[in-house]
Amino acid sequence: MRNTLVYLKSSSAVYNSETKFYRWNLMNPIQARKDELITTQVLEAEFPVSYYNVDSTNNEFELVVISEDVDGTGGIFYTETYSKSLTPKNYTASQIAAEIDAIADKTHSTLNCSYDNRTGIMTLVVNATSAEPSDAVTSVSIGKDCSCRKLMGFSDFQTISGALGQAQLKFIGDSVVDLNKTTNVYIETDLLLESRNTNGEKSGILAKIQINKPFLGLVHYQHSNAIPIELGRKDTYLDHLDLRMVDDVNESINFNGNNSFSITILFNYIKKDKLLLGEEPMTETVIPIIDNINTGDSCDEYSDNEVDMDMD
């Protein structure tokens, strides 16, 4: 079986900031013969854990507080939104809580944030102010533009409502905080492969690499009995390779600068029969033995049987 090893270094690639793909142009293309198809697999890879757990995809905090003036007839509501953009970098849970706790108070409400390292739970406390004689906190909810909710342990659009005249609401996270940006890095190509994503759709995923190193560590990946993935029937000539790294939610990994990584890819050329290659098979005309006997022709060429004749 023919094969080709390709050693890719990030320093030799051209990065496309729109598609997030790295491109390597191949001076000697990967090319299958007419009766071959190509399979591929990632043999090994090295890359740094230099991405932040808070970046532009999960750094927005938004909390919506609704207060009511219940003095007299009531029915007067105030909506106040607490928002903050966290600076992209690596955070601990306590540091995130401190950032949220520092958001300035509003006219009709105040906000405090705390983290319990024994439970891993974050809590938001909203209090009504004395702007009106009888202000009360009616509801607190995660805003639609809050992208850091998973990071802080809150679920999508999580909401809590208060009783009539309640001056304080404690808003407790549904889950423990999740400070891992991702637990895996996926190496993905723009070619259509016979692999499937979590929705069962065809995808370009070549390999899934577990993140088993801390921040600023170096991940070393080597395949263990990986099964080659077949390329599409039309992908028999490759003069470039486009690859990108994505996280568990299919967001592109930002390595924060020109941090080097390398990938080794094996291409195998496999023989396929003509039917699988979409060609019409050649047919051979076989003369039946019975016809040869009937015409008096010798059948030795077409049969292993011998005919004995006694001539007295």
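A residue counts as buried when its relative accessible area is under 20%, and as exposed when that area is over 50%. Glutamate 188, at 10%, is therefore buried. Keep these cut-offs in mind for the stops below.

**Before selecting anything**

The model is predicted. The mean pLDDT of the protein is 85, and 85% of the residues score at least 70. Colour by pLDDT and select helix H1, residues 93-101, which has the highest mean among the elements, 98. Then select helix H3, residues 289-294, where the mean is the lowest, 41. Residues 280-309 have a pLDDT below 50, and this stretch makes 11 contacts in the model beyond near neighbours in sequence. Where pLDDT is low, the predicted coordinates should not be read in detail.

**Stop 1: a sheet of three strands**

Select strands S7 (residues 109-116) and S8 (residues 121-128), which run antiparallel and are joined by eight bridges. One pairing to look at is threonine 110 with asparagine 127 in S8. The two strands form a hairpin with four residues between them, and glycine 120 in the turn has a positive phi of about 75 degrees.

Add S11 to the selection; the open sheet has the order S7-S8-S11, with antiparallel pairing. S7 and S11 (168-172) stand at the edges with a single partner strand each, so one side of each has no neighbour in the sheet. From one strand to the next the twist averages 20 degrees. S8 and S11 are joined by five bridges, and valine 126 has leucine 169 in S11 as its bridge partner.

Now bring H1 back into view: this helix lies across S7 and S8, at about 175 degrees to S7.

**Stop 2: cysteines without disulfides**

Select the cysteines; the structure holds zero disulfides. Cysteine 113 has the sulfur of cysteine 148 as its nearest cysteine sulfur, 9.4 Å away. Cysteine 113 is buried, at 8% relative accessible area. For cysteine 146 the nearest cysteine sulfur is also that of cysteine 148, at 3.9 Å. A disulfide needs the two sulfur atoms within 2.5 Å, so this pair does not count as one. Cysteine 146 is buried, with a relative accessible area of 1%.

**Stop 3: glycine 143**

Move to the loop between strand S9 (135-142) and helix H2 (149-152), where glycine 143 lies. Glycine 143 is buried, at 3% relative accessibility. Apart from neighbours within four places in sequence, its contacts are Glu62, Leu63 and Val64. The C-alpha atoms of glycine 143 and glutamate 62 are 4.9 Å apart, although their positions lie 81 residues apart along the chain.

**Stop 4: salt bridges**

The count of salt bridges comes to 11. Show lysine 271 and aspartate 35, whose side chains meet at 2.8 Å, N to O. Lysine 271 is in strand S19 and aspartate 35 in the loop between S3 and S4, so the pair ties together parts 236 residues apart in sequence. Lysine 271 is exposed, at 54%, whereas aspartate 35 is partly exposed, at 31%.

Next, select arginine 244 and glutamate 188, which form a salt bridge at 2.6 Å, N to O. Arginine 244 belongs to strand S18 and glutamate 188 to strand S12, so this salt bridge ties together parts 56 residues apart in sequence. Arginine 244 is buried, at 16%, and glutamate 188 is buried too, at 10%.

Finish with Asp55, Lys181 and Asp247, which are linked in a network of salt bridges.

Notes. Residues numbered from 1 in each chain as written. Predicted model: local features only at pLDDT ≥ 70, side-chain atom pairs only at ≥ 80, totals over all residues. Heavy atoms only, no water. pLDDT = per-residue confidence, 0-100. Contact = heavy atoms within 4.5 Å. Buried < 20%, exposed > 50% of the residue type's maximum accessible area, 1.4 Å probe, protein only. Pairing = 2+ DSSP bridges. Axes fitted to C-alpha atoms, helices over the stretch in contact; angles between N-to-C directions. Salt bridge = Lys/Arg side-chain N within 4 Å of Asp/Glu carboxyl O.
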